[in-house]
Amino acid sequence: MITWDLFPLMSLVSVILWLSGAVMALVPKHCRGRSDVWLMVSGFMVYACFVAGLWLSLGRPPLRTLGETRLWYSLFMMLSGVAVYARWHYRWLPLFSLVVVMVFTAINILCPDIHDRTLMPALQSAWFVPHVTVYMFSYSLFGCAFLLALAGLWRRTSAFLPATDRLVAIGIAFLTFGMVSGCLWAKQAWGAYWSWDPKETWAAATWCTYLCYLHFRMCSGRKSAVWGYLLLIVGFVLLQMCWYGVDFLPSAADSMHVYR
């Protein structure tokens, strides 16, 4: 049975496979074939096997604690990273995606949460799994867009905008579904669709920022690429506040959304 004790080993195997694929991506194509993609997919599958095994051993979805959401973010960051690489062939992106994965993996190893079988009544809902997983997937897409925005600013080019446009368009669709499902879940569990608590306020700010980015891009075209990239960076910072930053705000002490 896969338990949390196996996480350091399985994450190490996953990272080594992904790193091998990321390094191969930097090699000329005629020398690597498709080995780069297969190595990264293998790393993703090892990580996915751990998440699935932890789900089975806990007897509940591993989505309750902040550490467990970091697992899903790392998993989806791998998936998004290999998808962006396969679609747009940015050979440097898998390596930088791995850096993000390694940061969250290291945090989980050094500061593990308590992983028990308990699940509070409000979380025992059909909305629990789709609500959190679509949020994490949208976060991973925005994470890739953030990396491309940094690269665009560094290289002073608008060449990454078509990719960031597509990533944000897909990401905001998933983010919107997450917000709507959260509203329906809140109505079912607490009797109100929206209460403007700190988490919901930061979620609304994040959603509006990415919506502003899409509106800005539709109106400006390739002009003012810098402002588009800056909007992506601001959106990603707001996303971090929405995800875990609110836990440190005094106003969120009584929030129902704080990870405990």
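## Close-up views of a predicted model

**View 1. The side chains of Arg-217 and Asp-165 form a salt bridge, with 2.7 Å from N to O.** This pair joins parts of the chain that are distant from each other, since Arg-217 belongs to helix 8 (residues 198-220) and Asp-165 to helix 7 (residues 161-190), with the two positions 52 residues apart in the count along the chain. The view, like those that follow, shows a predicted model. Arg-217 has a relative accessibility of 11%, and because the limit for a buried residue is under 20%, Arg-217 counts as buried. As general background, side chains that carry opposite charge can pair when their charged atoms come close. The structure holds 2 salt bridges, and the other pair is the subject of the next view.

**View 2. Arg-60 and Glu-68 meet through their side chains in a salt bridge of 2.8 Å, again given from N to O.** Both partners, Arg-60 and Glu-68, are buried. For Arg-60 the relative accessibility is 2%, and the residue therefore counts as buried. Arg-60 is placed in the loop that runs between helix 3 (35-58) and helix 4 (66-88). For orientation within the whole model, the C-alpha atom of Arg-60 is 27 Å from that of Ala-173, a residue 113 positions away in sequence.

**View 3. Domain 1 (1-118) and domain 2 (119-259), into which the chain is divided, are shown where they meet.** The centres of domain 1 and domain 2, taken over C-alpha atoms, are separated by 21 Å. Across the boundary, 26 residues of domain 1 are in contact with 30 residues of domain 2. An interface is often described by the accessible area that is lost when its parts come together. Between domain 1 and domain 2 this buried area is about 2300 Å², and carbon and sulfur atoms give 82% of it. On the side of domain 1, the residues that lose the most area to domain 2 are Leu-63, Tyr-73 and Trp-92, which together make up 25% of what that side buries. How many salt bridges are counted between domain 1 and domain 2? The count between domain 1 and domain 2 is 0 salt bridges.

**View 4. Asn-108, a residue of helix 5 (residues 93-110), is shown with its contacts.** Is Asn-108 buried or exposed? With a relative accessibility of 2%, Asn-108 counts as buried. When the neighbours within four places in sequence are left aside, the residues in contact with Asn-108 are Trp-4, Phe-7, Gly-67, Arg-70 and Leu-71.

**View 5. A nonpolar patch on the surface is formed by Leu-6, Leu-9 and Val-13.** Together these residues, Leu-6, Leu-9 and Val-13, have about 230 Å² of accessible area. Leu-9 is part of helix 1 (residues 7-25). With a relative accessible area of 52%, against a limit of over 50% for an exposed residue, Leu-9 is exposed.

**View 6. Arg-156 and Trp-196 are shown for their backbone angles, phi being near 55° in Arg-156 and near 55° in Trp-196.** For Arg-156 this is a positive value in a residue other than glycine, and the description of Trp-196 is likewise that of a positive value in a residue other than glycine. Arg-156 is found in the loop between helix 6 (128-155) and helix 7, whereas Trp-196 lies in the loop between helix 7 and helix 8. Arg-156 is exposed, its relative accessible area being 80%, and Trp-196 is exposed with a relative accessible area of 57%.

**View 7. Ile-170 of helix 7 and Pro-198 of helix 8 are shown with the distances that place them in the model.** Ile-170 has a relative accessible area of 35% and is partly exposed. The C-alpha atoms of Ile-170 and Arg-155 are separated by 25 Å, although these residues are 15 positions apart along the chain. Pro-198, by contrast with a partly exposed residue, is buried, with a relative accessible area of 16%. From C-alpha to C-alpha, Pro-198 and Val-134 are 20 Å apart in space, and in sequence they are 64 residues apart.

Technical notes: Residues numbered from 1 in each chain as written. Predicted model: local features only at pLDDT ≥ 70, side-chain atom pairs only at ≥ 80, totals over all residues. Heavy atoms only, no water. Salt bridge = Lys/Arg side-chain N within 4 Å of Asp/Glu carboxyl O. Buried < 20%, exposed > 50% of the residue type's maximum accessible area, 1.4 Å probe, protein only. Helix = DSSP H or I, 4+ residues; strand = E, 2+ residues; numbered from the N terminus. Patch = residues over 30% accessible without salt bridge, like charges linked within 9 Å, V, L, I, M, F, W, Y side chains within 5 Å. Areas by Shrake-Rupley, 256 points an atom, 1.4 Å probe, with all protein chains shown as cover. Domains from an automatic or database assignment. Contact = heavy atoms within 4.5 Å. Buried area = accessible area lost by both parts, 1.4 Å probe.
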